[in-house]
Amino acid sequence: MTRHYRYLQRYTEVATVLLRHGWQAYCETRSRRAPARRPLVTGREPGDPVYRHLRLAFEELGPVFIKLGQLLSTRPDLIPAEMAAEFSYLQDRVRPLAPDVIRQQVFRELGTAPEKAFSYFDYQPLAAASIAQVHKARLPGGQEVAVKVQRPQLDGVVVTDLAVLENLGRRFKGTVVGRICALEEILATFRRQIERELDFTVEALAMENFRRLYREFPQIVVPRVYWDYTTRGLLTMDYLAGKRLSDWYGKGTDCQRAALLIKALLAPFFQEGIFHGDPHPGNILFLPGGRLGLIDFGIVGRLDEDFRYQAARLILGLQERDLQAVMEVTLKLGKPMAAVDYQALYEDTAELVDRVTGMGKGDVNLAGLLLGMVELARRHSIRMPGTFFVLGRTIMEGESLARRLDPSLDLVQVSGPLAASYLRSRLRPNPTPGRTYHRAASTLQDLLELPRDISRSLDKLARGQLTTIFVHRGLETLYHRLDMVSARLSAALIVAALIGAGALILHAGAGPKTGGLSLLGLGVLGGALILGCLWALLLKVGQKE
């Protein structure tokens with residue numbers, strides 16, 4: 001039995017849900033008077049019926065589709081912007097697991113029941129999501145901990161749904177959906193992300209890394225991981241007793257915590273190129289003493305040195321209203337897919353900078369800048385890297401949360417010193433002895449191997465074994481024309497051969513006759529005429545394409 005038949009039931013479920021929501025979207029679109037309906041998300045008007053029902057279908061299809069939709073909401077470069085905006089409202093709503101199921105999961109991961117592994121274990125979850133749910137517990141040593149338990153049989157669900165999605169992606173590749181969405185890149189990115197999220201040891205390592213980076217910020221707290229109680233499907237960490245940021249809104253301004261939140265998101269990025277990839281209100285806690293707690297490190301972004309350098313230039317360029325620097329960063333981060341009109345790009349950049357900085361202190365809008373850069377890239381055929389959108393989502397969400405705490409917050413004033421400190425560190429390298437020895441040894445080894453490499457190249461040249469590869473560019477039009485010419489010649493030869501054969505048959509008078517002419521010969525000549533007309537029509541259509 002092939003893999004596709006093995007997953008036939010899941011194919012049927014996916015098709016049924018998509019067809020049902022597709023039909024509902026069609027009826028709403030066609031109806032002149034759509035029925036009054038309460039918005040699905042408070043404070044938001046119903047959007048495009050097609051995208052809204054696609055989001056509802058993803059919610060109904062389960063955790064893999066929900067995670068895929070959440071990923072797509074951060075990638076307006078891969079799907080239409082309206083679809084990305086609709087996916088940002090995906091709701092991860094699931095029923096809590098029964099106590100018996102949790103007991104079995106803990107036993108499977110730790111080899112013992114929760115009551116034996118912990119001195120106290122609360123089966124009432126603190127939070128429940130499609131991947132896992134969190135319970136409060138107490139270690140034998142008395143430490144209050146939060147235990148994140150993965151939902152059962154999730155690996156099988158992920159394997160099945162990934163196979164279904166990848167097969168559907170291959171089938172839709174040549175369709176309208178494939179032309180407006182980068183299906184291969186979407187699925188490859190999603191596979192990497194979902195596989196990392198299913199391994200809780202990856203999240204635990206990320207938490208340890210963030211704890212190390214926040215040592216110079218004692219007001220920022222990341223839970224400690226208890227490795228003796230942590231496995232691939234279970235994560236045990238400190239329990240942080242605090243108020244969620246979502247419960248703090250409307251209780252006045254908090255300038256200190258607003259600035260601290262921006263530092264918490266950007267400091268690790270400028271230090272080592274990593275950042276919290278999911279800073280929504282439920283993952284940020286207000287702790288006693290003005291401290292800020294961060295939880296849920298299932299999604300962590302990682303960016304290289306060059307990206308950090310360009311991001312620092314962008315922030316400082318915005319602070320100094322350096323239009324040239326902002327334009328250069330756009331070109332450096334992205335990849336021009338066509339000839340760039342630099343004057344038009346400069347004018348659009350000037351308009352963007354004026355729009356995000358033109359109203360004085362507290363009105364510098366980093367989210368507006370990032371969205372504007374996406375629009376600039378689209379308008380001027382510049383392909384931005386996926387990491388740009390991941391970091392952009394983090395900054396936009398962080399800015400939105402910080403401005404709810406302090407509407408007058410100047411984000412550039414807070415992030416500017418972090419960017420400047422990073423650029424100063426590049427001018428004052430402080431290598432460790434081990435790194436210095438390693439680089440020196442590597443350079444020396446390359447120098448020692450250089451004469452041998454030159455000798456091998458000369459020897460190949462002398463024996464006629466040196467190969468040079470030429471790459472021709474811009475010849476696609478010529479290739480197309482040559483194909484058209486060869487196709488026409490082939491068609492002409494075949495039709496001419498049929499006409500000749502028909503004439504010979506008529507001359508020989510073979511077969512039954514009508515009016516003294518051979519019916520077989522007339523049939524061959526008629527077939528040649530029809531084939532020639534069809535071939536000419538097909539060649540004309542191919543030439544237009």
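Buried means under 20% relative accessible area, exposed over 50%, and partly exposed in between, with a 1.4 Å probe and protein chains only. The exercises below use a predicted model, in which local features need pLDDT of at least 70, side-chain atom pairs count only at pLDDT 80 or more, and totals for chains, interfaces and linings use all residues. Residues are numbered from 1 along each chain as its sequence is written, and side-chain values use heavy atoms, leaving out hydrogens and water.

**Exercise 1. A helix end**

Decide whether threonine 357 is buried or exposed, and place it in its helix.

Solution. Start with the helix: threonine 357 belongs to H15, residues 342–357 (helices, H or I with at least four residues, and strands, E with at least two, are DSSP runs numbered from the N terminus). Next, take the relative accessible area, which is 13%, so threonine 357 is buried. Finally, look at glycine 368: it is 11 residues from threonine 357 in sequence, and their C-alpha atoms are 9.8 Å apart.

**Exercise 2. A covered helix**

Find how many residues of helix H4 are buried.

Solution. Helix H4 covers residues 63–72, and 9 of its 10 residues are buried. Now go through the names: the buried residues include Pro63, Phe65, Lys67 and Leu72.

**Exercise 3. Two helices crossing**

Work out how H16 and H17 are oriented to each other.

Solution. First, the axes of H16 (residues 366–379) and H17 (residues 386–405) come within 8 Å and cross at roughly 150°. Here axes are lines fitted to C-alpha atoms, for helices over the stretch in contact, and angles run from 0 to 180 degrees between N-to-C directions. Second, H16 and H17 are therefore roughly antiparallel (angles over 145 degrees count as roughly antiparallel, under 35 as roughly parallel, 65 to 115 as roughly perpendicular, and the rest as oblique). Third, the H16 and H17 crossing is left-handed, a term for a near helix turned anticlockwise from the far one by less than a right angle, with clockwise being right-handed.

**Exercise 4. Salt bridges**

Say which parts of the chain aspartate 155 and arginine 232 tie together.

Solution. Begin with the contact: aspartate 155 and arginine 232 form a salt bridge, with their closest N and O atoms 3.6 Å apart (a side-chain nitrogen of Lys or Arg within 4 Å of a carboxyl oxygen of Asp or Glu). Aspartate 155 lies in helix H8 (residues 154–172) and arginine 232 in the loop between strands E5 (220–221) and E6 (234–238), so the pair ties together parts 77 residues apart in sequence. Then check exposure: aspartate 155 is partly exposed at 38%, and arginine 232 is partly exposed at 40%.

Now try a pair within one helix: where do glutamate 195 and arginine 191 lie? Both are in helix H10 (residues 183–198), 4 residues apart, about one turn of the helix. Their side chains meet in a salt bridge at 3.1 Å, N to O. A search of the whole structure finds 22 salt bridges.

**Exercise 5. A surface patch**

Identify the residues that form a nonpolar patch with Leu458.

Solution. Leucine 458 sits in helix H19, residues 433–462, and is exposed, with a relative accessible area of 55%. Its patch partners are Leu450, Ile454 and Leu461, and together the patch has about 390 Å² of accessible area. Patches are made of residues with over 30% relative accessible area and no salt bridge, joining like charges within 9 Å and nonpolar side chains (Val, Leu, Ile, Met, Phe, Trp, Tyr) within 5 Å. Accessible areas come from the Shrake-Rupley method with a 1.4 Å probe, and for residues only the protein chains shown count as cover.
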